[in-house]
Amino acid sequence: MAKIANKNSRKIGLPPGTLQYIGKERSEPIDISLFNYTQDHLDERNSIALEEVISYCKSDFTTWINVNGIHNVEAIEKICTYFNIHSLTIEDILHTDQRPKLEENEDYLYLVIKMLEYDEQTKRLQTEQVSMILGKNYVISFQERAGDTFEPVRNRLRIGKGRIRKAGADYLLYALLDTIIDHYFFLLEKIGDDLEEIEEELLVSPGTRSLTNLYNLKRESVLLRRSIWPLREVVNKLERDDIKQIKKETRYFLRDVYDHTIRVIETIENFRDMLSSMLDLYQSTISNRMNMIMKVLTIISTIFIPLTFIVGVYGMNFVHMPELEWRYGYLGVWMIMIMVFITMILFFRRKKWI
Amino acid sequence: MAKIANKNSRKIGLPPGTLQYIGKERSEPIDISLFNYTQDHLDERNSIALEEVISYCKSDFTTWINVNGIHNVEAIEKICTYFNIHSLTIEDILHTDQRPKLEENEDYLYLVIKMLEYDEQTKRLQTEQVSMILGKNYVISFQERAGDTFEPVRNRLRIGKGRIRKAGADYLLYALLDTIIDHYFFLLEKIGDDLEEIEEELLVSPGTRSLTNLYNLKRESVLLRRSIWPLREVVNKLERDDIKQIKKETRYFLRDVYDHTIRVIETIENFRDMLSSMLDLYQSTISNRMNMIMKVLTIISTIFIPLTFIVGVYGMNFVHMPELEWRYGYLGVWMIMIMVFITMILFFRRKKWI
Amino acid sequence: MAKIANKNSRKIGLPPGTLQYIGKERSEPIDISLFNYTQDHLDERNSIALEEVISYCKSDFTTWINVNGIHNVEAIEKICTYFNIHSLTIEDILHTDQRPKLEENEDYLYLVIKMLEYDEQTKRLQTEQVSMILGKNYVISFQERAGDTFEPVRNRLRIGKGRIRKAGADYLLYALLDTIIDHYFFLLEKIGDDLEEIEEELLVSPGTRSLTNLYNLKRESVLLRRSIWPLREVVNKLERDDIKQIKKETRYFLRDVYDHTIRVIETIENFRDMLSSMLDLYQSTISNRMNMIMKVLTIISTIFIPLTFIVGVYGMNFVHMPELEWRYGYLGVWMIMIMVFITMILFFRRKKWI
Amino acid sequence: MAKIANKNSRKIGLPPGTLQYIGKERSEPIDISLFNYTQDHLDERNSIALEEVISYCKSDFTTWINVNGIHNVEAIEKICTYFNIHSLTIEDILHTDQRPKLEENEDYLYLVIKMLEYDEQTKRLQTEQVSMILGKNYVISFQERAGDTFEPVRNRLRIGKGRIRKAGADYLLYALLDTIIDHYFFLLEKIGDDLEEIEEELLVSPGTRSLTNLYNLKRESVLLRRSIWPLREVVNKLERDDIKQIKKETRYFLRDVYDHTIRVIETIENFRDMLSSMLDLYQSTISNRMNMIMKVLTIISTIFIPLTFIVGVYGMNFVHMPELEWRYGYLGVWMIMIMVFITMILFFRRKKWI
Amino acid sequence: MAKIANKNSRKIGLPPGTLQYIGKERSEPIDISLFNYTQDHLDERNSIALEEVISYCKSDFTTWINVNGIHNVEAIEKICTYFNIHSLTIEDILHTDQRPKLEENEDYLYLVIKMLEYDEQTKRLQTEQVSMILGKNYVISFQERAGDTFEPVRNRLRIGKGRIRKAGADYLLYALLDTIIDHYFFLLEKIGDDLEEIEEELLVSPGTRSLTNLYNLKRESVLLRRSIWPLREVVNKLERDDIKQIKKETRYFLRDVYDHTIRVIETIENFRDMLSSMLDLYQSTISNRMNMIMKVLTIISTIFIPLTFIVGVYGMNFVHMPELEWRYGYLGVWMIMIMVFITMILFFRRKKWI
């Protein structure tokens, strides 16, 4: 379940820049892969040892280092130190409860973003933090665990067609960012499908289960929003500001990413709108049903309670009750009761209850 | 039904600028028409072949190319390439889930806008994406399917009166934009009529049907808003910014379009206001009716339950019940019951229930 | 009733600047009056013919032309053409669904504003559009129909005291604007009185009628807001911007008008606040009453249903029922029933229901 | 009761600057007091005649003229004219429905602010308008009626310690303003106490009285907000803008006043937050109680209605009813009824109703 | 309990800069500690006498003076006077109802911030005001009472590793600020846990207790928000503005603090979102339960009321009632009743009530 507040307390009082991994416990070893490429050459290395990383970097190539797993603090520190990354940035990489943000440093650009998964079984969102560092001619990306989200980018690098091999490290950053944001659409579609399912349910047979589902989706939408809203500012800054690591040609592509981000955010806002409309619908439907139940009760009671009174009257044991001995007393009572019944039915008809 | 989230997933991981049609499946062939005009001449060609398009363009004429249907990727690409359109722009033209937006490029202006239809039978909105490219002396418009929305503009071109033939391509863009936005008013009127109908229903006899209608309109209004809000910024940019493709005289007319856009948006906001007021009204009316039902039940029960108790007492079979043998016992009981009845009635009168 | 969406559809597809009256059908002839004045002279002409208007204008006088009725398109066009009014402006004058706005043109200032009437009988707002054109030394005002709102200004012109005859056309525009906005206060007072009446009703005896009234006022407040909000920006622009038609001395007076406008808007916002508080109050009061009704039902039922059961027991016809033959059986049953009754009453007392 | 809309209508159509008192009718004579002071001298005069005012002003002293009562139009006009106050400013002084505002004029600064009283008996707010004029070396303050709010400032002047006698007229203005705003805290405390009282009531025994109190406080909070919000901008302007009447040293003190204003506004917003939370609490509590009432009714009815049916069966008078003659028939019926009773109790236990 | 409005009234009318302690009554003596340090030396003194403070300050050391307890007005004044603190600042230090704020003065920077504790037993927030003064080479911190929040900073000073001893007074200020804000996360976690507990409760068995808890948390969240929101602006100002007391290197660390502040604020907003969702959930669940209760009542009543009527009919004592003497009369009545019973059950089945 999406935690309302994340655990941060382990860190209170430590000096800034103290390196400590804060996130889910993980046991698998961290996995490093590396791409070195120019327009004409491509050198791909997977699962390389920490020591090798540095030896592979060449100044006239564009280098992409991808690190899966950030729970090995020493390893992360080692890589970062080689690339001259500030200790506060390393701290942020290791701390998985960052908001999406962009930080300009003298030598590099630091970008944090959330990767999201929606588990349709449990109807829960799972977030993973991705940190990216854009230097002069390299990109380093840190993921919490191995995943295939970046696979399309790897393929485009391998095939070497299109702009990706020609353009520099900033274009690579754009490509990675674009892939993550495109993935959001996939996620939103799944949530949208769930929303429509609940909507159907609400219109057909609203019950406690739809209410719980509705509430859970609302809860997740809070998390979703928190993860994505700050992205707007991040991408806008990337596109607008005169950041020296970003070439002018790439900025045009970032404008496209910005458009997508806006669309993602808009869809989330629509979800929230829909969710609150649905809750209103639910409430009104429940009131409506209550009304119907009350009508049934009232009709039955209002018809039979007076009739029961009448038959009660002639169940009394008074010695002197002339009606009891009349020839057509019994028949008369039935007549009266039928009249009462018909009157009641007409009354409810006029009130449009039946 | 307006989808809450549109399908975008087909595109994840493809490099930017990969041309792929994303929208409703369509089978009809795409249809191209062309207008070449100066103040004195007009050359109109309908359903021309793709290859002819280019041959018809003349540099000293203003040219309007209208393309109905964008599902033929190669055709769209061919035309755009001739006019030197950037691949990211072509991608946007083909992708029918754009937000309204304006993009300035070196050689041309790219504008996306939504055309809306309201189906009064199904009470559903249908959106169609219109892309427009304004170059030095040409306008290219792309519609998803054939329609007669632009017919008035065509007629004005044919007749040749007014400013339209004299002014250049930017004025033509304005004319097309103006036609689309004027069409929104027509749409809003229809929705407004439906709203008033539901309002009437709510005041007279609120039921589950009005609730569903209300909910559906609310749902559509979310879509409507999403389609039109960004337009405000688009038109404002067109009017305010110093865009080289737009002449100063035309800007005056665009100010008029901006006014209309504001009015459209305001009407949508009014609809939303009205819808939430109506929901409040609905809820209160339902509560009111419940109250009335409960009152009927309570009055009947409260009167007859004590009376039934009284007659029950004298239905007991005790051997020693002196009242049973009294001469006026039966009459006395009736007296008591009538008194109870009158007391109850007076009680309800004082409480203003009857 | 205030229409949720105004009819605009008659105009779709016409070229801009096509002159067409859009508004309520009217049959009375349009009526033109004219004031020519300097500090020392005043020349007032009423109901003059269209042709005379122009002949009366003198360059060294300040001229105020007031036109009642704008449904005669040719007449309006003629006057405007003489004063060199742009065709888009004429179109706006004729189109009665404008938002309040201010347009600067080279030769003149164009101002649209709404005049409002509140019909206390039908509890409906009626809007009338007033267009004003401020030229170098003239003001032309267009009203939809004759009315006496401007009478105080006329009187001040006739008397000739105060600043009005000395100051130029811009001061006249200010005076007219001020009169209209002062009239809003009068309107708001009437609505405020109605609001307080409904409030009283809600606190004393909330019913369906108060709900409908509440809803209607809410509906009208949407229209009211739409008509007045944009005025804020208009008056602010008049006061702040360096508009060449407005003299510096007049700007000081416009600041006063701006203050009034803010106060009008604030009062409208208060109304909306009050309306939603009242709806909350209504809902809570209804819930409260339901509670009270339910309590009465529950008390009566809970007391008498067990008693009725007891008397039912001794109404059974078993041959072997020893109690029936006991000497004090009947008395005993009464004792038991009185005890049950008292227990119930004490139970309700403790629950604070009675 | 705080009027929703104030009466302004008496003024429609009058030329601007027409002097007319608009406010509560008052009969007491207006009362003028005057302080002339330098660091070393203090000359205090109370209840002086209108004619004397001017004679007492000396150019090398700082002068504070306080006027209690503004319903004497001629008197106010006379004073103002002597100090060269613009007629529109005089109009504003006389008109008691101003929003707090600050107006810079060439010779003086004009400040309007609201003094508030909270009547704990009637739970109503009462507003009084205070106008202050800051000239080169004088302050004129206008109150609607006599009051002791300014007494502490008078005392500080008399004692002559601290900065007040040394600093000029701008510091005096600050001191007056500070006193009024400090008074707001006193007011907010009283309202806060009332709020907590109602809160207590709601948690213990919510009833119609708490609802009415809640509603009244909400209503007053609308007035409160209207009176104080604009103050923020006023004080900010005083502190920030380069106003020539305010010395740089005084600006430091005004920053302090600004802090207080922000705190007052924040407290009002908290009240509004609390009020709407309380209303939610009220609604939920009412629903809860309804639930409890319904439970009692349902438990009693559900237990006794079937039992009553059973005893009814054996109250039938059929000739052939074998059970009636059984030896243990009566006992058997009791057995059955006790079983039904226990079953019902267990059913309600499982449902956690009892 | 968090007071809705704090008591400020004791201060009305006093001249500004009048020193008066406004806060909780405290009796313990105030406690002063002092750190003098350079990169190489550290001189720590605890519980020193007021007179010693000044003698310990050395110009070439960085000095941190921490004062626990501010209820001794003379002591506070003495210290402040030595450091040339403005009387308005001293007043703010003594007044514990400040909003977080930052004030730049010529010689020093004044910062107010709230320290928060959450008492899990009583579910109440407790705030403590911390004032910090940053001079050229000293920091003075004022706490309301002794606490160990600053202990980690003391330890880092004692150990002398990291940047803290090397960097100047501005870095010390940052370290203290960072410690306080990190503490907020700890607090938010506790509140988050409580929230999740209530959420659980709501989904399982919503009752009056959860409602009260919910309401209390909402109330506290208002206080929480009030204490932390203004911090955003404070920290932003510290980081952005060109404040001479803050060195450029330290600004980089303050950016980190700003990030944390944003995250704290976001979490609070999430809490508020969750709280209102929960209230909606509560309301809907209550409505649902009411529905269920009503259903039980309606089913039982609707089945047995008609049956009771039938047995009542044959309990009448008419002399001429042929059915009573029929051989199978009794059996027939049972047949009829069973049929009625089955019909009712089928009816409820079709309505999906059972």
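How much area do chain B and chain A bury between them, and what share of it is on carbon and sulfur atoms? That was my opening note on this predicted model. I looked it up: the two chains bury about 6,000 Å², with 63% of that on carbon and sulfur atoms.

**Entry 1: chain A by itself**

I started with one chain before going further into the pairs. Chain A has 9 helices and 7 strands. Its radius of gyration is 34 Å, well over the 20 Å that the globule rule gives for 354 residues, so chain A is more spread out than a compact globule. I then looked up the box along the principal axes, and the C-alpha atoms of chain A fill roughly 120 × 45 × 30 Å. I also checked burial, and 62% of the 354 residues of chain A count as buried. For contacts in chain A with a separation of 6 or more, I noted that 65% come from residues 24 or more positions apart.

**Entry 2: chain B against chain A**

Back to the opening pair. I found 67 residues of chain B and 66 residues of chain A in the contact. Across this interface I noted 6 salt bridges. One worth pulling up on screen joins Glu266(A) to Arg99(B), with the closest N and O atoms 2.9 Å apart. I also noted 16 residue pairs in polar contact, both residues being at pLDDT 80 or more.

Which elements of chain B give two or more residues to the side that touches chain A? I wrote down helix H3 (87–94), strand E4 (101–104), helix H6 (208–240), helix H7 (248–313), helix H8 (322–325) and helix H9 (329–350). H7(B) gives the most, with 18 residues. By class, I have this side of chain B as 33 nonpolar, 17 polar and 17 charged residues.

**Entry 3: chain D against chain E**

Next I turned to chain D and chain E. Here 66 residues of chain D are in contact with 68 residues of chain E. The area buried between them is about 6,000 Å², and carbon and sulfur atoms give 63% of it. In chain D, I flagged Arg263(D), Phe309(D) and Phe318(D), which lose the most area to chain E and together make up 11% of what that side buries.

I counted 6 salt bridges between chain D and chain E. Among the salt bridges is Glu266(D) with Arg99(E), whose closest N and O atoms are 2.9 Å apart. There are also 17 residue pairs in polar contact, with both residues at pLDDT 80 or more.

On the chain D side, H4 (151–159), H5 (169–204), H7 (248–313), H8 (322–325) and H9 (329–350) are helices that each supply at least two residues. H7(D) gives the most, with 37 residues. I sorted this side of chain D into 31 nonpolar, 19 polar and 16 charged residues.

**Entry 4: a covered helix in chain E**

I then zoomed in on helix H3 of chain E, residues 87–94. How many of its 8 residues are buried? The answer is 7, so to speak a mostly covered helix. The buried residues are Leu88(E), Thr89(E), Ile90(E), Glu91(E), Asp92(E), Ile93(E) and Leu94(E). I looked up their neighbours too: they pack against H7 of chain D and, within chain E, against helix H2 (73–82) and strands E4 (101–104), E5 (109–119), E6 (124–134) and E7 (138–143).

**Entry 5: pairs that do not touch**

Last, I checked chain B against the other pair. Chain B and chain D do not touch, and their nearest C-alpha atoms are 9 Å apart. No contact joins chain B and chain E either, with the closest C-alpha atoms 9 Å apart.

Note on methods:
Residues numbered from 1 in each chain as written. Chains lettered and ligands numbered in written order. Predicted model: local features only at pLDDT ≥ 70, side-chain atom pairs only at ≥ 80, totals over all residues. Heavy atoms only, no water. Contact = heavy atoms within 4.5 Å. Buried area = accessible area lost by both parts, 1.4 Å probe. Salt bridge = Lys/Arg side-chain N within 4 Å of Asp/Glu carboxyl O. Polar contact = N/O pair within 3.5 Å; in protein donor to acceptor, adjacent residues only side chain to side chain. Helix = DSSP H or I, 4+ residues; strand = E, 2+ residues; numbered from the N terminus. Nonpolar A, V, L, I, M, F, W, Y, C, P; charged D, E, K, R; others polar. Buried < 20%, exposed > 50% of the residue type's maximum accessible area, 1.4 Å probe, protein only. Rg over C-alpha atoms; globule rule 2.2 N^0.38 Å.
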